[in-house]
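Q: Could you take a close look at how the inside of this protein is packed? I would like the cut-offs spelled out as you go.

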Amino acid sequence: MLKTVIVGATGYTGAELAKLIHDHPHLSLDGLYVSANSADAGKLISDLHGQLKGVVDMPVTAMENPAEVAKDADVVFLATAHEVSHDLAPVFLSEGCKVFDLSGAYRVQGDSFYTDYYGFAHQHKAILDKAVYGLAEWNAEQIAQADLIAVPGCYPTASQLALKPLAQKGLLDLAQWPVINATSGVSGAGRKASMTNSFCEVSLHPYGVFNHRHQPEIAAHLGCDVIFTPHLGNFKRGILATITAKLADGVTEADVTEAMENAYADTPMVRTLGNGVSAKLQSVQNTCFCDIGWHVKGQHVILVSAIDNLLKGASGQAMQCLNIRFGFAPDTALV
């Protein structure tokens with residue numbers, strides 16, 4: 001059994017991870033940690049997240065000494081703020097742990113990316129250079145060899161899974177940038193209460209127009225520029241991305257369908273719905289699947305991608321990456 005700990009355990013993604021680890025036949029859940037000043041320290045995680053009662057009834061511990069925690073762990077999931085993951089990943093890596101980071105701290109290489117979009121200067125370039133981007137269906141070979149896997153953001157996961165099959169096959173006219181309009185449930189903003197994510201205050205609206213940090217993440221790993229506009233919806237969980245792109249000259253509906261179906265023929269966590277079908281949130285909420293449908297008319301394609309932002313967009317994909325890294329069946333604990 002791999003000794004597994006979660007840092008940042010009391011957030012929504014941490015709670016989902018605790019359940020997935022509990023369900024995994026090759027993992028033992030050996031620690032749930034929060035920052036030393038967290039008000040959640042000392043509480044049972046099942047008292048904070050009622051769905052875990054009778055399933056995971058472990059206490060949450062304030063992490064005073066990360067190096068000591070690392071010495072007795074094989075695997076760590078960092079469900080922490082970007083700056084916290086930036087500082088903790090080197091500590092766990094130095095003790096030989098395999099690190100799965102759900103923050104944005106190690107997702108993108110670039111001289112000014114972190115100062116421009118995350119507000120801090122990256123201090124661990126050598127580690128950043130070795131980090132592997134955990135888009136599970138596309139980077140499995142690299143994930144299988146990595147010590148640090150940077151789990152993609154939820155918006156980038158939904159967007160890239162839809163666009164990559166067409167971009168990789170050269171089926172898009174990239175002179176016209178793909179336009180991604182995506183809507184997330186309020187759980188994507190985290191568990192901490194604020195006026196912006198209070199359920200009674202949320203009204204469907206765009207945010208981060210032309211300056212959201214996920215735009216350069218998508219562009220960097222997709223290999224082309226995109227226009228990305230996120231929206232906040234008044235529902236709890238899920239992401240629906242509707243993407244409009246121009247097809248290259250001569251590309252047909254059959255070409256699009258062949259590329260999409262071939263790309264995901266052997267990937268159990270992506271379900272292709274076919275041409276003329278749109279993905280729906282209710283089909284993926286509380287699951288680790290990504291559903292993708294598409295519509296082709298003339299020289300344009302509209303792709304519709306749906307995921308659960310807390311699972312396929314975070315904890316589920318992190319577990320999928322762990323399965324790849326250790327040679328387990330890719331859907332272990334996920335289905």
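A: Happily; here is a walk through the packing, beginning with a core and ending with a sheet.

This is a predicted model, in which local features need pLDDT of at least 70 and side-chain atom pairs count only at pLDDT 80 or more, while totals for chains, interfaces and linings use all residues. Residues are numbered from 1 along each chain as its sequence is written, and side-chain values use heavy atoms, leaving out hydrogens and water.

A nonpolar core here is a set of buried Ala, Val, Leu, Ile, Met, Phe, Trp, Tyr and Cys residues joined through side-chain atoms within 4.5 Å, with buried meaning under 20% relative accessible area (1.4 Å probe, protein chains only). The largest such core has 39 residues, and I6, A18, L32, F77, M319 and L322 have the most contacts inside it. Among the elements giving it two or more residues are strand 1 (2-7), strand 4 (75-78) and helix 11 (311-326); helices (H or I, at least four residues) and strands (E, at least two) are DSSP runs numbered from the N terminus. Helix 11 supplies the largest share, seven residues.

F77 shows this packing in detail. Setting aside neighbours within four places in sequence, F77 is in contact (heavy atoms within 4.5 Å) with residues including I6, L17, F100, M319 and L322. Apart from this core lies another, of 37 residues, with L163, V226, A259 and I292 among them.

Now to the sheet. Seven strands form an open, mixed sheet in the order 9-10-8-11-14-13-12, where two strands pair if DSSP finds at least two bridges between them. Strand 9 (205-206) and strand 12 (270-275) are its edges. Strand 13 (290-297) and strand 14 (300-307) pair antiparallel over eight bridges.

Definitions and conventions
Buried means under 20% relative accessible area, exposed over 50%, partly exposed in between (1.4 Å probe, protein chains only).
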